[in-house]
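Colleague: Got a minute to walk me through this model? I'd like to hear the reasoning behind the labels.

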Amino acid sequence: MVAALKNILPILALLVAMALWGSSFVAMKYSFRELHPIVVLFGRMAVATLCFLPFLGSYRRMPLTRAHVPIVVLMCLCEPCLYFVFEAAALMYTSASQASMISTMLPLLVALSAGLFLGERVTPRLMAGFALAAAGALWLGYAASGTEEAPKPLLGNMLELLAMVCAAGYTISMKYLTRDLSSFHLTGLQAFSGLLFFAPMLALPQVRQMPPPTVQSLLVVLYLGVVVSFGAYALYNYGVSRIPVSRASAFINLIPVFSILLGFVLLDERLNLQQWFACAAVLAGVLLTQRERQKIPARELTA
């Protein structure tokens with residue numbers, strides 16, 4: 001019973017994390033209507049950092065060595081710093097639904113990164129799946145008509161793809177670090193690094209000229225900080241630390257399911273027929289690689 005529970009908990013943690021991340025696309029898109037993206041990102045990181053303050057004493061017992069530092073810096077630079085820069089820019093130009101579809105390419109990017117940096121096998125089928133998913137991502141942007149909420153969808157989708165490249169770098173780095181370090185502590189370091197990264201940007205003139213935030217927009221930032229940046233990242237990092245990285249990253253495919261539903265209900269977003277076909281191409285590219293990756297002898301890192 002205990003062994004079964006240990007196997008189920010990482011899966012449940014990943015499922016909840018995906019639902020929360022799916023909601024984050026919609027929440028960020030909504031918050032950008034009233035707040036500058038930098039304010040949202042700084043607020044999100046500040047709230048998440050406050051959530052970790054009660055656990056500050058435990059960081060003194062963290063077995064961090066000099067050898068870990070470059071990988072920790074790389075992890076934090078990839079995500080949240082550069083990842084959120086690209087994602088915030090993407091959501092200024094594309095819809096939450098389209099951006100969430102691009103996120104399904106993360107498992108393929110992780111698999112390619114594992115082949116390059118961890119010595120895992122990169123097969124022709126994996127390359128074909130990546131090419132199909134990338135073509136679907138381009139099609140998704142080309143098939144979209146510019147709207148007030150998504151004025152340049154192709155540009156936005158390409159920026160979201162760059163965010164996924166950063167997310168792949170983060171996933172590989174974090175998986176390596178959880179051999180020795182707690183996923184919970186790493187999540188706290190991410191939040192604090194994001195706070196330091198975005199704080200100086202608050203002095204930019206275009207940020208300071210924004211009107212004061214409303215109570216509703218502050219509640220959205222609070223949700224992003226506590227529930228998503230603290231809760232979802234802690235759950236995801238826990239899941240990745242307990243199961244192989246390629247299995248964990250495959251759960252990313254569930255994000256658009258939650259995001260498209262919430263975008264439809266809360267933001268009145270719609271996808272046209274061509275875009276639904278493009279979504280199918282992206283998912284087909286991802287699914288094309290899943291069965292083979294399960295058959296390949298595991299050379300994945302395990303915590």
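**Patch, cysteines and rings**

Modeller: Sure, and bear in mind that the model is predicted. Helix 1 gives the nonpolar patch its largest share, four residues.

Colleague: Which residues make up that nonpolar surface patch?

Modeller: Ile8, Leu9, Leu12, Leu15, Leu254, Val257, Phe258 and Leu261 make it, and the patch covers about 650 Å². At least two of its residues come from each of helix 1 (2-31) and helix 12 (255-266).

Colleague: Take Phe258, which sits in helix 12. What makes it partly exposed?

Modeller: Its relative accessible area is 31%. Partly exposed runs between the 20% limit for buried and the 50% limit for exposed, so Phe258 with 31% gets that label.

Colleague: On to the cysteines. How many disulfides turn up in the whole structure?

Modeller: The search finds zero. Take Cys51: the nearest cysteine sulfur belongs to Cys76 and is 17 Å away. For Cys81, the nearest cysteine sulfur is also that of Cys76, at 6.7 Å. A disulfide needs the two sulfurs within 2.5 Å, so neither Cys51 nor Cys81 is in one.

Colleague: And why is Cys81 called buried?

Modeller: Because its relative accessible area is 5%, and buried means under 20%.

Colleague: Now the aromatics. How many aromatic pairs are there?

Modeller: Nine. One of them is Phe184 with Phe230, whose ring centres are 6.3 Å apart and whose planes are at 85 degrees.

Colleague: How do you know that Phe184 and Phe230 are a pair, and why edge-to-face?

Modeller: Centres have to lie within 6.5 Å, and planes over 60 degrees apart count as edge-to-face. With 6.3 Å and 85 degrees, Phe184 and Phe230 meet both conditions, so the label holds.

Colleague: What does that pair tie together?

Modeller: Phe184 is in helix 8 (residues 183-198) and Phe230 in helix 10 (residues 215-242), so the pair ties together parts 46 residues apart in sequence. Phe184 itself is partly exposed, at 26% relative accessibility.

Colleague: What makes Phe197 and Phe198 edge-to-face?

Modeller: Their planes are at 90 degrees, with the ring centres 5.0 Å apart. The cut-off is over 60 degrees, so this pair is edge-to-face.

Colleague: Are those two, Phe197 and Phe198, buried or partly exposed?

Modeller: Phe198 is buried because its relative accessibility is 0%, whereas Phe197, at 26%, counts as partly exposed.

Colleague: And which residues do ring pairs link into a cluster?

Modeller: Trp21, Tyr170, Tyr233 and Tyr236.

Key: Residues are numbered from 1 along each chain as its sequence is written. This is a predicted model: local features need pLDDT of at least 70, side-chain atom pairs count only at pLDDT 80 or more; totals for chains, interfaces and linings use all residues. Side-chain values use heavy atoms; hydrogens and water are left out. Buried means under 20% relative accessible area, exposed over 50%, partly exposed in between (1.4 Å probe, protein chains only). Patches are made of residues with over 30% relative accessible area and no salt bridge: like charges are joined within 9 Å, nonpolar side chains (Val, Leu, Ile, Met, Phe, Trp, Tyr) within 5 Å. Accessible areas come from the Shrake-Rupley method with a 1.4 Å probe; for residues, only the protein chains shown count as cover. A salt bridge is a side-chain nitrogen of Lys or Arg within 4 Å of a carboxyl oxygen of Asp or Glu. Rings of Phe, Tyr and Trp (its six-membered ring) pair if their centres lie within 6.5 Å; planes under 30 degrees apart count as stacked, over 60 as edge-to-face and the rest as tilted.
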